[in-house]
Amino acid sequence: MLKIMFFLLIKIAFKMKIIRLLSEMQAYSSKWDKNKKVSLIPTMGCLHNGHLSLIKSAKNNSDIVVVSIFINPMQFTDSDDFNKYPKSYHDDIKYCENMEVDFIFIPESEDIIIDIDVWVYENKLSKLLCGKSRPGHFQGVCTIVLKLFNIVQPQIAIFGEKDLQQLRIIQKMVLDLNIPINIISCPIHREPDGLALSSRNKRLSNSERNISPIIYNSLSRAKNEFLNGEKSTKVLINLINNFINKNPEIHIDYIKIVDLKNMNELEKIISPAVIMIAVFIGKIRLIDNIFLIPK
Ligand code: AMP
């Protein structure tokens, strides 16, 4: 009984700080206790269980958890996609409060993006895959992520493998620019039917949602073929193509099999690799990936 009361008291005493001004966030970050580890989880909000796994990892790896919510206009290449990006600030705040996040940072665009002339431009990985389909996207991501790193001053930042190319580019940015932040990655969180959780899933119509598990099904089939001995990337890509193309509602943007670390395209899989896929279901662009690790 005493134990329950103790936990209840802690719960009542806990108060998440909701920060909307950059200057207020900086006021806290300039005074972080040197003996405590701070982690940052950059998000665009509309939080779901995929974000939850990142928050859990942050809590396991640090003392102070900061979740940022910023729908970054600089990373959108389609204004319609930006304008229709789902928002649920009220629920996000509740969600973070329940998860006992310490700080939620929700800056206004005008506070973050004023007359930016200096951008962070990764010159290699950004030209592949999603970077090819969405030119300028990763430049927008890197610039804002670096700004968030500078504003929040974390020792740890958590990213999801769902956006694997983004993760690799951030890892390279941290390495190349000597940013003293440890990047931790979390596996993809999926719906029971296999669809990778994404804020954009909310925009799928019922019929689009019903066909969406085909993405993960096709990746799993290719992975099974690989585990049964198929090493040719051409064969595996054809298999996915044929499986998905049975559904005229799904338009493939790209399917590539690349090296897990450097993301170079492969012909044969003899070292750890990953299938990267991007499709449109109606107007909604969804991405996914699956690791292929040779036995
Ligand atoms: P977003 O809010 O979509 O920009 O995502 C914020 C962070 O959450 C990124 O690091 C994503 O990779 C990660 N994330 C989004 N969806 C998932 C998921 N289904 N599983 C794991 N991480 C995810």
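**Exercise 1. Sort the shell around the ligand by residue class: how many nonpolar, polar and charged residues does it have?**

Start with the rule for sorting: Ala, Val, Leu, Ile, Met, Phe, Trp, Tyr, Cys and Pro count as nonpolar, Asp, Glu, Lys and Arg as charged, and the others, Gly among them, as polar. Sorted that way, the shell has eight nonpolar, seven polar and two charged residues.

A word on what you're looking at: this is a predicted model, where local features need pLDDT of at least 70 and side-chain atom pairs count only at pLDDT 80 or more, while totals for chains, interfaces and linings use all residues. Residues are numbered from 1 along each chain as its sequence is written, and side-chain values use heavy atoms, with hydrogens and water left out.

**Exercise 2. Find the residues that surround the ligand, and say which are the closest.**

Step one is the cut-off: a residue is near a molecule or strand if one of its heavy atoms lies within 4 Å of it. Step two is the count, and 17 residues surround the ligand. His 51, Gly 160, Asp 163, His 189 and Leu 197 are the closest.

Step three is to place the shell on the fold. Helices (H or I, at least four residues) and strands (E, at least two) are DSSP runs, numbered from the N terminus. Strand 2 (38–43), helix 3 (49–61) and strand 5 (156–160) each supply at least two residues. Helix 3 gives the most, with three residues.

**Exercise 3. Track down polar contacts of the ligand with His 51, Gly 160 and His 189.**

A polar contact is a pair of N or O atoms within 3.5 Å; within protein, one must be able to donate a hydrogen and the other to accept it, and residues adjacent in sequence count only if both atoms are side-chain atoms. Take them in turn:

- The side chain of His 51 has an N or O atom 2.9 Å from an oxygen atom of the ligand.
- A polar backbone atom of Gly 160 is 2.9 Å from an oxygen atom of the ligand.
- With His 189, a backbone N or O atom lies 2.9 Å from a nitrogen atom of the ligand.

Now for the cover: on its own the ligand has 480 Å² of accessible area, and the protein covers 93% of that. These areas come from the Shrake-Rupley method with a 1.4 Å probe; for residues, only the protein chains shown count as cover.

**Exercise 4. Which residues of the largest nonpolar core touch the most other members?**

You need two terms here. A nonpolar core is a set of buried Ala, Val, Leu, Ile, Met, Phe, Trp, Tyr and Cys residues joined through side-chain atoms within 4.5 Å. Buried means under 20% relative accessible area, exposed over 50%, partly exposed in between (1.4 Å probe, protein chains only).

The largest core has 46 residues, and those touching the most other members are Met 25, Val 66, Phe 105, Phe 149, Ile 170, Met 173 and Ile 183. Helix 8 (residues 137–152) gives the most to this core, with ten residues. There's also a second, separate core of 28 residues, including Leu 204, Ile 237, Ile 250 and Val 279.

Zoom in on Ile 183. Contact means heavy atoms within 4.5 Å. Setting aside residues up to four places away in sequence, Ile 183 touches Phe 149, Ala 157, Phe 159, Leu 167, Ile 170, Gln 171 and Val 174.

**Exercise 5. Is Ile 281 buried or exposed, and what does it touch?**

Ile 281 sits in strand 8. Its relative accessibility is 0%, so Ile 281 counts as buried. Beyond residues up to four places away in sequence, Ile 281 touches Leu 204, Glu 208, Ile 211, Ser 212, Ile 215, Glu 249, Ile 250 and Leu 286.

**Exercise 6. Compare Asn 178 and Met 263: which is buried and which is exposed?**

First, the backbone angles. Most residues other than glycine have a negative phi. Asn 178 has a positive phi of about 50° although it is not a glycine, and phi of Met 263 is near 65°, also a positive value in a residue other than glycine.

Next, the places. Asn 178 is in the loop between helix 9 (164–176) and strand 6 (182–186), while Met 263 is in the loop between strand 7 and strand 8.

Last, the accessibility. Asn 178 is exposed because its relative accessible area is 64%, whereas Met 263 is buried because its value is 2%.
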